[in-house]
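Here is a friendly walk through the structure shown below. It starts with a single helix, moves on to the sheets, and ends with the contact between chains.

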Amino acid sequence: MQDFTRRALLQGGTALAATGALTGPALFEFAKAWAADSPWKAEPGAKLTVMRWKRFVPAEDDAFNAIVAAFKAATGTEMNVFSESFEDVQPKASVAANTGSGLDIAWGLHTLPQLFPTKVLKMNDVADYLGKKYGGWTDAAAKTCKLGDDWLGIPVTTNGGYMTYRKSATDKAGFKEFPKDFPSFLEMCKALKANNTPAGFALGHASGDANAWLHWILWGHGAYTVDQSDKIIINSPETMKALEYCKALYETFIPGTPSWNDSSNNKAYLAGELYCTLNGISIYVAAKTDPSKKDIAEDTYHALHPIGPVGKPSELQLVFPILAFNFTKYPNAAKAFIAFMMEKEQYEKWMDGAQGYLTQTLNAYESAPVWTADPKNAVFAQASKRTLPASGIGTVGEKAATAIADFIVVDMFANYCTGTKDAKGAVAEAERQLKRIYR
Amino acid sequence: MADVVVASQAKPQFREASAWDQLKYNRNWLGFWFMLPAMAFLIFFLAYPLGLGIWLSFTDTRIGRVGQFIGIENYQWLWDDAIFWLSVFNTLLYTIVASALKFAIGLYLALLLNENMPFKAMLRAMVLIPFIVPTVLSALAFWWIFDSQFSIISWSLKHLGLISQNINFLGDTTWARICVIFANIWRGVPFVAITLLAGLQTVSPSLYEAATLDGATRWQNFRYITYPLLTPIIAVVMTFSVLFTFTDFQLIWAMTRGGPVNATHLMATLSYQRAIIAGQLGEGAAISSAMIPFLLAAIMVSWFGLQRRKWQQGESND
């Protein structure tokens, strides 16, 4: 549902961005020169089977395919690339890890490499090479891929979601500047509701949107599902405060948010019924590319998440790590490809194709042209820096991924906000579910 | 042929039938051989997956990783899992309400369509439409119809001035349950109606004529002729209807994903969420396996229902 809708919304952006990609001979020349100097020489006759997540933005896919083609031409490596929807990437990668065949490279979501740390090719040299060359890795990105001192994969990019709002509405609500802390954010939402220009955030089983904003609220209050040693600590006074705050916010929302999935806020916002939400840049891009939505696009701005009582950013953004399996016959080709795709000449063009949907994990790309091409994109450049790993402060790995996929935190908040359960009951249920997962 | 007879007379000693001969010529074995392809088919496609599912429920298998046998641990965790029991409640509510209404509406429609009326064939064909549309498509249509912002129902009522706020169809627990049950009924009625209609057509008109001559009312016609003759079909149709409803997945997944706050999570959707989305195959299999007793119970009820019908009609023995 989610990718279908977003992709459809973004279809319009294709032609615009595709022209920006480094194409044809120039890219090929660079690729040849790069291959000659590269520390990783692709094995002769190498063949790589690469699985990636299915793109939202066609132009991003085009740019990626151009990178693949250039790499193939320069190194003679046979490249077989296919994409899978978000839900299918992890199971298929797991099966490959399990059977020791089928894939050489898998590019997935969240903490994928942590699921089978003994089956991946260590990427320490690639991470060092890229990190040194491009100003180091952001903290959360590194955590996502590291086990001890070893890099199990390379965090390629982050899909950032930020406050997307109609400036005319927030101005009218008396907030010339988007709120920076929780109390004033609540005040603004109240005022938005009073003006009949409500905010709305998904409280349904929306894997992306609901998890993102509710973890932000939870972590913003200094509450976490588990501590550093994976001990369950959800039952805490901080969680209670988060619940109370969330309920107060919920009362200002547009009706129906408990039924929302990942595409609901996009639709409501673009229909002019929703005035503030948390989303990837897709809403803005869709409005920008649709001439009939010109006024919405002009009125739309982005802002960072307000900071909670914990006093530091507590965002949850989606990291996309790439990994190579250690049973690949062509480890050098795999490393070469991963390093190649993250070189400036490819990476910046590729980010252009994504139109702000994807954020760099290497600090040097903060100055990438995509962030200045449209000042409204700029906020999204922060995504990799301000996010926590999907596990919060706990250990990254499959249990944390399961807790997110199973909507434990989402259901806890939804239970309390909709009045289905009292605060104690909602927390008790979440605690019980976490015990099941972390047993 | 004659040669053979002569020869066997000439040499009267019989060879002992070997085990191989038995397998080749014994009629019982022959029957077994002919059944084998069908059996292999059933074992491979029905028994094996079922057995595997039950086996998985006793392990801690995750997607892509072989699990260890952990006995009934998954079931122990489910036993005091409030969400699991909520899904059981939802499933029972969904099945009972939807099946009862599907039966009532289906029977009514069947009786109606059995009457003589203009465009009979066309009307009968039209009733099937909801059944023909792929489930996911109709679910998507309902998802739009019940959308919290863009519902056509809310929109119409608002423009008629009857309500001032959108109805929170899929965001309110009670409304959401009503909506998914409604969608299920809409989809399931044609199956019940058309099958019952087929049953009605087998009832001989002479029975009604005789009854009418005896002064039977329309209700008596239905109660003492139609209904008893229809019971075997009703038993079969309702068994299928209950099984389909109990194991429904697509409608719920496309419309609510089990939300709001798990109010429409059925056992099938919860099993999918835990097994496939969250990757815990063992636990998901345990939830699926927990459906088996309920399904068996449904089958038993209809089976005994069939037997009772025979008894009603005065047939002997069983």
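In helix α13 of chain A, the buried residues are A:S282, A:I283, A:Y284, A:V285, A:A286, A:A287 and A:K288. Please keep in mind as you read that this is a predicted model. Helix α13(A) spans residues 282–289, and because seven of its eight residues are buried, it is largely enclosed by the rest of the structure.

**The three-stranded sheet**

Just before that helix in the numbering comes β8 (276–279) of chain A. Which way do its residues point? A:C276 and A:L278 point one way from β8(A), A:T277 and A:N279 point the other way, and all are buried. That fits a general pattern: in a regular strand the side chains alternate between the two faces of the sheet.

Strand β8(A) belongs to an open sheet of three strands, in the order β8-β7-β9 of chain A, with antiparallel pairing. The edges are taken by β8(A) and by β9 (300–303) of chain A; each has a single partner strand, so one side of each is left without a neighbour in the sheet. From one strand to the next, the twist averages 30 degrees. Strand β7 (residues 162–166) of chain A pairs with β8(A) over four bridges in the antiparallel sense, and A:L278 in β8(A) is the residue opposite A:M163.

**The six-stranded sheet**

Chain A also has an open sheet of six strands, ordered β2-β1-β3-β11-β6-β12, and here the pairing is mixed. Its edge strands are β2 (78–84) and β12 (358–360) of chain A; each has a single partner, so one side of each is left without a neighbour in the sheet. In this sheet the twist averages 20 degrees from one strand to the next.

Strand β1(A) is a good place to look inside it. Five of the seven residues of β1(A) are buried, so this strand is largely enclosed by the rest of the structure. Between β1(A) and β2(A) the chain passes through helix α4 (residues 58–75) of chain A, and this β-α-β crossover is right-handed. The table sets out three of the strand pairs in this sheet.

| Strand pair | Sense and bridges | Residues opposite each other |
|---|---|---|
| β1(A) and β2(A) | parallel, seven bridges | A:V50 and A:V81 |
| β1(A) and β3(A) | parallel, two bridges | A:M51 and A:A106 |
| β6(A) and β11(A) | antiparallel, five bridges | A:T158 and A:V319 (bridge partners) |

For the last pair, β6 covers residues 154–159 of chain A and β11 covers residues 318–324 of chain A. Across this sheet lies helix α15 (residues 331–341) of chain A: it crosses β1 (47–53), β3 (105–107), β6 and β11 of chain A, and runs at about 150 degrees to β11(A).

**A loop residue**

Where does A:K119 sit? Its place is in the loop between β3 and α6 (124–133) of chain A. Is A:K119 buried or partly exposed? A:K119 has 19 other C-beta atoms within 10 Å, and because a residue needs 20 or more to be buried, A:K119 is partly exposed. Leaving aside neighbours within four places in sequence, A:K119 is in contact with A:A97, A:F325 and A:N326. If you would like a longer distance, A:K119 and A:V379 are 260 residues apart in sequence and 36 Å apart in space, C-alpha to C-alpha.

**The core and the contact between chains**

The largest nonpolar core has 207 residues, and A:F413 and B:M255 are those with the most contacts inside it. Helix α10 (residues 173–201) of chain B gives the largest share of this core, twelve residues. Beyond its neighbours within four places in sequence, B:M255 is in contact with B:A139, B:F142, B:W143, B:L170, B:V180 and B:A183.

How many residues does each chain bring to the contact between chains A and B? Chain A gives 32 residues and chain B gives 29 residues. On the side of chain A that touches chain B, the elements that give two or more residues are α5 (86–99), α12 (264–270), α19 (398–405), α20 (408–417) and α21 (423–437) of chain A. Helix α5(A) provides the largest share of that side, seven residues. By residue type, that side of chain A divides into nine nonpolar, 14 polar and nine charged residues.

Terms used:
Residues numbered from 1 in each chain as written. Chains lettered and ligands numbered in written order. Predicted model: local features only at pLDDT ≥ 70, side-chain atom pairs only at ≥ 80, totals over all residues. Pairing = 2+ DSSP bridges. Axes fitted to C-alpha atoms, helices over the stretch in contact; angles between N-to-C directions. Contact = placed C-beta atoms within 7 Å. Nonpolar A, V, L, I, M, F, W, Y, C, P; charged D, E, K, R; others polar. Core = buried A, V, L, I, M, F, W, Y, C linked by C-beta atoms within 7 Å. Buried ≥ 20, exposed ≤ 12 C-beta atoms within 10 Å, placed from the backbone. Right-handed = clockwise from strand over helix to strand, strands pointing away.
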